Amino acid sequence: MTTLLHIDSSPLGEASVTRRLTGEFVHRWCEAQPATRVIRRDLQDPPPPHLDEAALAAFWNPDAPAGPDSRVVLALSDTMIQELEGADLVVLGSPMYNFTVTSTLKAWMDMVGRAGRTFRYTEEGVQGLLGGRRAVVITARGGFYRGGGPTSGADHQTALLDTYFRFLGMDEVMFVHAEGQGMERERARTEEDRARSEIRRLVSAGAAGACL
Ligand SMILES: Cc1cc2nc3c(=O)[nH]c(=O)nc-3n(C[C@H](O)[C@H](O)[C@H](O)COP(=O)(O)O)c2cc1C
């Protein structure tokens with residue numbers, strides 16, 4: 001049985017492109033592999049807190065968190081890490097905001113990237129502790145960044161998420177981009193359809209047990 005962790009980070013509801021596309025991925029995946037268990041994490045409901053002094057004190061000394069605020073943040077961080085640990089496949093929706101991820105998603109990354117829990121420092125360097133897991137990141141952007149065009153250097157979202165998940169030890173990190181969402185309607189829809197085709201391809205490969 002596969003356990004799939006479905007994460008969304010767009011503040012928009014039905015109007016969100018990434019929410020539509022992660023929903024499509026999860027729906028098709030579960031159709032192809034009905035034994036899948038889905039864990040849901042909506043980063044808008046509620047948004048993870050930004051790290052503060054109390055949170056960091058709790059992360060660095062989890063056996064003796066100082067005060068109720070630290071305990072609350074530590075418990076949330078532990079829960080979100082357990083969701084990742086329990087998953088074989090992470091499906092993440094990530095809107096591009098100001099050339100990178102939303103602050104909500106960044107707050108989640110800060111909550112789950114914890115030394116001693118999801119990665120550790122060794123004599124040989126950093127070791128990610130989430131091996132054996134795969135991630136599919138579905139992005140939406142107003143403009144175009146792929147294909148080495150003039151704006152490709154401004155995509156600070158793909159490299160960040162790829163580096164981050166690999167840093168945590170994940171074996172495979174795949175991206176589906178729905179670009180051009182700020183363009184005229186027809187163009188935006190064509191690009192969303194292109195992303196849907198890519199999702200169908202990934203789901204079929206996964207259902208066949210191949211690399212996604
Ligand atoms: C605050 C904000 C910042 C944005 N920044 C960028 C950007 O830097 N580059 C870009 O191509 N699109 C940008 N966009 C457009 C979004 O990436 C696009 O609308 C995308 O569809 C959002 O994903 P969602 O529909 O799932 O919410 C921005 C949109 C908002 C609201």
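Which backbone oxygen does the side chain of Gln-181 reach? The legend for Gln-181 gives the partner and the distance. The model is predicted: local features need pLDDT of at least 70, side-chain atom pairs count only at pLDDT 80 or more, and totals for chains, interfaces and linings use all residues. Residues are numbered from 1 along each chain as its sequence is written, and side-chain values use heavy atoms, with hydrogens and water left out.

**View 1. Gln-181 in the loop between β7 and α6 (185-207).** The side chain of Gln-181 reaches the backbone oxygen of Glu-179 at 3.1 Å. This is a polar contact, defined as a pair of N or O atoms within 3.5 Å; within protein, one atom must be able to donate a hydrogen and the other to accept it, and residues adjacent in sequence count only if both atoms are side-chain atoms. Gln-181 counts as partly exposed because its relative accessibility is 22%; buried means under 20% relative accessible area, exposed over 50%, and partly exposed in between, with a 1.4 Å probe and protein chains only. Beyond residues up to four places away in sequence, Gln-181 touches Val-17, Ala-140, Arg-141, Gly-142, Ala-188, Glu-191 and Glu-192, where contact means heavy atoms within 4.5 Å. From Gln-181 to Glu-24 the C-alpha to C-alpha distance is 17 Å, with their positions 157 residues apart in sequence.

**View 2. His-177 in strand β7 (residues 172-178).** Strands (E, at least two residues) and helices (H or I, at least four) are DSSP runs, numbered from the N terminus. With a relative accessible area of 18%, His-177 is buried. Its side chain makes polar contacts with two other side chains, that of Thr-139 at 2.7 Å and that of Arg-141 at 3.3 Å. Apart from neighbours within four places in sequence, the contacts of His-177 are Thr-139, Arg-141, Arg-146, Thr-158 and Ala-195.

**View 3. Arg-41 in strand β2 (residues 37-42).** Arg-41 has a relative accessibility of 12% and therefore counts as buried. A polar contact of 2.8 Å links its side chain to the side chain of Glu-83. Once neighbours within four places in sequence are set aside, Arg-41 is in contact with Leu-5, His-6, Ile-7, Asp-8, Leu-76, Thr-79, Met-80 and Glu-83.

**View 4. The ligand and its surrounding residues.** There are 16 residues around the ligand, and Ser-10, Ser-16, Thr-18, Met-96 and Tyr-145 come nearest; a residue is near if one of its heavy atoms lies within 4 Å. By class, the shell holds eight nonpolar, seven polar and one charged residues. Here Ala, Val, Leu, Ile, Met, Phe, Trp, Tyr, Cys and Pro count as nonpolar, Asp, Glu, Lys and Arg as charged, and the others, Gly among them, as polar. Polar backbone atoms lie at 2.7 Å from a ligand oxygen for Met-96 and at 2.8 Å for Phe-99. For Gly-143, a backbone N or O atom is 2.9 Å from an oxygen atom of the ligand. The ligand taken alone exposes 630 Å², and the protein buries 71% of that; accessible areas come from the Shrake-Rupley method with a 1.4 Å probe, and for residues only the protein chains shown count as cover.

**View 5. Asn-98 and Phe-99 in the loop between β3 (89-95) and α4 (103-112).** Most residues other than glycine have a negative phi, and most peptide bonds are trans. Phi is positive in Asn-98, near 45°, and also in Phe-99, near 70°. Asn-98 is exposed, with a relative accessible area of 72%, whereas Phe-99 counts as partly exposed at 41% relative accessibility.

**View 6. The cis peptide bond from Asp-45 to Pro-46.** Omega of this bond is near -5°. Pro-46 is found in the loop between β2 and α2 (53-60).

**Inset. Overview of the protein, with six helices and seven strands.** From the N terminus on, the order of elements is β-α-β-α-α-β-α-β-β-β-α-β-α. The radius of gyration is 18 Å, close to the 17 Å that the globule rule gives for 212 residues, so the protein is as compact as a globular protein of that length. This radius is taken over C-alpha atoms, and the rule is 2.2 Å times the number of residues to the power 0.38. The C-alpha trace spans about 55 × 35 × 35 Å along its principal axes. Buried residues make up 47% of the 212 residues.
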